[in-house]
Amino acid sequence: MFETGSKPIRKRSDAWYEVESAEDILADILSRVPIKSLLAFKSVSKQWRRLIESSTFIKLQLRWSLEKPNYLIYPYMDGLVNLYQTKGNGEIIEKITLFGCEDIYALSLLCSCNGLLCFINYPFVPDSNRELVYLIDFDIRICNPATHEVYLLPKGSPSEKKISIGVAFGPKPWEYKVFRFFHPKYDSDDIKCEVYSSITGSWRGIGDVQYCPIGILYCPLGSNHVYVNGKIYWFLPEEGDIITPGSILSVDIEENFKVISLPDEVTAHAFLVDLEGFLSLVAVYDDDQVVDVWILHDSNESNWEKKCSDYVPFSCVDSINFVAARKTEIFFITSDQYLIYNLDNGTWTELDFEDDFESNLPVVLPYTESLLPCEY
Amino acid sequence: MASSSTSVVVSNKEKENKNTKKVTLKSSDGESFEVDESVAMESQTIKHIIEDGCANNEIPLPNVTSGILSRVIEYCKKHKEAAGESEPSVTSYTSNSTTNPLTEWDTEFVKVDQNTLFDLILAANYLDIKGLLDLTCKTVADMMKGKTPQEIRETFHIKNDYTPEEEAEVRKENQWAFE
């Protein structure tokens with residue numbers, strides 16, 4: 001049925017129709033097959049390999065994949081990188097071990113989009129004889145857990161103070177840009193920005209910028225930005241306070257920056273997530289044990305809508321480590337629990353992963369499989 | 001040819017009960033099937049033919065045999081009925097199954113031999129019936145999961161055009177995927 005070069009099972013008057021049609025149908029079927037099987041199926045025949053590696057097919061597979069996003073949990077930041085894919089019901093559907101990362105010290109998972117993940121780590125300095133090494137620059141890796149590809153980005157410009165990054169995906173499905181804020185001089189407030197493009201494979205300076213996002217170390221385990229619908233959003237610190245968000249910095253894929261004001265005062269327990277294609281601010285108020293969820297409808301104006309406000313089932317003693325969103329759910333990781341809040345019916349569900357893995361600084365992100373390459 | 005001028009005066013409700021428009025579909029092997037127009041329009045291909053005013057007496061479907069056409073009509077009837085009765089189903093992301101009551105019926109519907117399944121795919125593709133195409137493609141995709149490349153070749157009658165060296169090289173690229 002899928003043969004295009006040899007005898008078809010049935011005769012048709014329009015042979016070319018059958019050829020085109022058969023390949024379209026094969027693509028439709030294969031685009032629903034898990035990626036691990038697809039990678040093995042490349043060895044079925046040359047036609048299958050050509051199809052699976054074609055850009056149209058990669059786009060088609062991504063389209064189906066994006067309809068059913070899952071969560072990816074990275075529970076143990078030490079040694080081997082094990083990622084656990086789960087639906088929102090606590091069932092682990094896949095354990096992925098990333099190879100090529102065994103010798104890397106303390107990999108931190110920053111963001112996820114279209115099947116690609118961004119990991120950072122401060123390289124271990126082996127011959128340092130001091131206990132505290134002033135950590136400034138980090139390695140950036142883009143990887144695809146479904147294809148097991150890991151790519152280390154080339155080093156950026158030297159920085160005298162801590163750097164900050166954000167990853168944008170698009171506009172084409174396999175184009176990504178990494179924005180890197182750095183400080184060329186220690187004793188000045190100058191901030192510069194440079195952009196890495198997956199298409200050129202190199203960094204390009206875009207000059208001086210006015211703002212530098214809240215540093216990664218001050219954000220819960222490093223997720224200090226979110227990419228939503230063509231823009232990256234970071235928190236900017238409040239005047240004189242390096243931890244508490246005071247406003248939001250956004251940049252689009254054309255490198256235009258904008259500052260957006262927050263709808264309300266927030267604490268350091270505020271997070272930015274992607275809620276159904278819109279930027280959402282999830283603000284937890286420990287004293288009142290309440291969470292407010294805001295949505296930004298128009299990224300060109302600070303036009304926020306309060307989506308909901310609800311009590312949180314954890315006390316202010318439990319710190320929130322990480323927050324992620326998928327469709328109309330928000331996943332909270334506290335020091336004790338994994339919780340999912342459903343915005344549609346205002347319910348909290350606790351998930352139990354005790355039997356599945358040990359946790360140590362766990363991180364969760366929305367995730368779907370894709371065939372997108374990390375390096376071009 | 002009877003004129004349809006009387007239908008202008010007939011109310012919607014009566015029209016629904018008595019004057020349900022029918023259309024005749026003719027299979028490649030010459031069999032005719034009379035179906036409600038609304039059921040036939042589950043097929044975008046047929047819908048366009050009707051809307052373009054090209055459906056006079058019969059719509060010939062030279063790419064679909066009677067055996068397959070009757071199954072396709074069964075699918076369309078069932079899904080049209082269900083759409084008329086209930087609210088659109090909502091997929092719950094936290095549960096394993098959808099709340100779609102047709103899931104069981106669909107699962108039984110695709111329990112057929114491989115050739116029939118492939119014919120249904122070709123028919124769904126030609127007739128442009130999204131739901132049926134999704135269902136049948138997903139069924140085949142599920143059949144493929146976990147099979148080795150050799151098993152795939154056997155099941156789908158595909159010729160291996162790699163030399164042993166070429167094949168070994170392709171396998172090496174993604175060795176872990178074979179475990």
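Let me start with two helices of chain B, α7(B) (residues 130–144) and α8(B) (residues 149–156), whose axes come within 11 Å and cross at roughly 135 degrees; axes here are lines fitted to C-alpha atoms, for helices over the stretch in contact, with angles running from 0 to 180 degrees between N-to-C directions. That crossing makes α7(B) oblique to α8(B), given that angles under 35 degrees count as roughly parallel, over 145 as roughly antiparallel, 65 to 115 as roughly perpendicular and the rest as oblique. Val140(B), Met143(B) and Met144(B) of α7(B) meet Ile152(B), Thr155(B) and Phe156(B) of α8(B), contact meaning heavy atoms within 4.5 Å, and these residues divide into 5 nonpolar, 1 polar and no charged.

I should say that this is a predicted model, in which local features need pLDDT of at least 70 and side-chain atom pairs count only at pLDDT 80 or more. Residues are numbered from 1 along each chain as its sequence is written, and side-chain values use heavy atoms, with hydrogens and water left out.

Turning to chain A, 4 strands form an open antiparallel sheet in the order β8-β9-β10-β11. At its edges stand β8 (161–169) and β11 (202–209), each with a single partner strand, so one side of each is left without a neighbour in the sheet. β8(A) pairs with β9(A) (residues 176–183) over 7 bridges, in the antiparallel sense, and Tyr176(A) in β9(A) is the bridge partner of Phe169(A).

Finally, Ser250(A) lies in strand β14 (residues 245–252) of chain A and, at 2% relative accessibility, counts as buried, a term that means under 20% relative accessible area.

Terms used
Chains are lettered from A and ligands numbered from 1 in the order in which they are written. Ala, Val, Leu, Ile, Met, Phe, Trp, Tyr, Cys and Pro count as nonpolar, Asp, Glu, Lys and Arg as charged, and the others, Gly among them, as polar. Two strands pair if DSSP finds at least two bridges between them. Buried means under 20% relative accessible area, exposed over 50%, partly exposed in between (1.4 Å probe, protein chains only).
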